[in-house]
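Visitor: I have a structure open on my screen and would like to understand the terms people use for it. Could you walk me through it?

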Amino acid sequence: MMITLGIIEDQQAIREALCSYLGEQPDIDCVLSVGSVSEFAEQLDGLVAKPTLVLSDIGLPVLSGIEGLALWQQRLPDAAVVMLSIHTDAERVFEALRAGAVGYLDKMTPLPMLAELLRQVAAGGSPMSPSVARHVIRHLWPARQPTDTTLTPREKEIVRGIEDGLSYKLIADRLSVSIDTVRTHIRQIYRKLHVNSKAEIISRSWARSREAG
């Protein structure tokens with residue numbers, strides 16, 4: 001499948017390097033390479049072959065690459081738009097994807113990898129550079145709160161009782177304490193582990209077991 005590519009990048013050296021390398025690929029035809037959203041819009045009507053894929057920087061003059069997404073959805077409804085940026089924070093990525101981008105790539109992506117990622121887009125994929133994906137994953141899955149290290153020895157014993165499937169009464173009998181004492185410890189365990197049920201405690205235990213294995 002031939003990819004007809006349009007590039008929007010305000011830094012001339014980068015723009016020329018992208019168009020030169022990508023345009024040399026046997027399955028990529030760089031049909032338009034400009035420095036702003038307005039230039040791209042102005043020259044679009046004069047093209048015989050319209051871009052099927054747009055590679056756009058975000059930090060552009062006047063209109064940003066993300067602001068340009070609404071325009072490309074109107075002017076090029078069948079084209080896929082991929083953002084190429086030095087900004088890899090999760091908030092920026094989500095903003096671009098919500099606006100209609102199908103992929104988000106780090107501007108430091110090596111050219112051979114960039115060409116392959118664009119092929120993935122043409123095949124229906126939605127690629128992200130590894131550095132971008134890492135930021136997104138960190139945003140979606142924040143660093144785990146300390147677990148066992150925050151629990152007292154007694155609280156760990158109660159957690160083991162829960163993992164063994166014991167009721168509060170049986171845990172109390174095992175530890176020779178009252179049910180009220182067990183409930184007090186359970187409330188502390190929930191608070192420290194940021195959970196709301198015994199099932200979540202057991203789920204965390206299984207997750208730790210898999211990681212250890």
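Guide: Gladly! The chain has ten helices and five strands, and please keep in mind that this is a predicted model.

Visitor: What makes the sheet an open one with edge strands, and which strands are they?

Guide: The five strands follow the order β2-β1-β3-β4-β5, with parallel pairing. At the edges are β2 (28–34) and β5 (103–106), because each pairs on one side only. From one strand to the next, the twist averages 25°.

Visitor: How do you know that β3 and β4 pair?

Guide: Pairing calls for at least two bridges between two strands. Strand β3 (residues 53–56) and strand β4 (residues 80–85) have four, in the parallel sense, so they count as paired. One of the residues involved is Leu53, whose bridge partner in β4 is Ala80.

Visitor: Which strands does helix α3 touch?

Guide: Helix α3 (residues 65–75) packs on the sheet, where it touches β1 (3–8), β3 and β4. The direction of α3 makes about 170° with that of β4. On a scale that runs from 0 to 180 degrees between N-to-C directions, that is close to the upper end, so α3 and β4 run in nearly opposite directions. Helix α5 (residues 111–122) lies across β1, β3, β4 and β5, at about 135° to β3.

Visitor: Why is Asp57 called buried?

Guide: The cut-off for buried is under 20% relative accessible area. Asp57 has 5%, so it is buried. Its place is in the loop between β3 and α3.

Visitor: What is in contact with Asp57, beyond its neighbours within four places in sequence?

Guide: Its contacts there are Ile8, Glu9, Asp10, Gly65, Met83, Leu84, Ser85 and Lys107. An unreviewed UniProt entry also annotates Asp57 as "modified residue: 4-aspartylphosphate", and such annotations may be inferred rather than shown by experiment.

Visitor: How do you know that the buried residues of helix α7 are on the same side?

Guide: In α7 (residues 153–163), the buried residues are Glu155, Ile158, Val159, Gly161 and Ile162. They cover an arc of only 155° around the axis, which puts them on the same side of α7. After the helix comes Gly165, with a positive phi near 85°.

Visitor: And for the whole chain, how much is buried?

Guide: Of its 213 residues, 40% count as buried. The chain exposes about 11700 Å², with carbon and sulfur atoms supplying 54% of that area. Among contacts between residues at least 6 apart in sequence, 63% join residues at least 24 apart.

Key: Residues numbered from 1 in each chain as written. Predicted model: local features only at pLDDT ≥ 70, side-chain atom pairs only at ≥ 80, totals over all residues. Heavy atoms only, no water. Buried < 20%, exposed > 50% of the residue type's maximum accessible area, 1.4 Å probe, protein only. Helix = DSSP H or I, 4+ residues; strand = E, 2+ residues; numbered from the N terminus. Arc of directions from axis to C-beta. Contact = heavy atoms within 4.5 Å. Areas by Shrake-Rupley, 256 points an atom, 1.4 Å probe, with all protein chains shown as cover.
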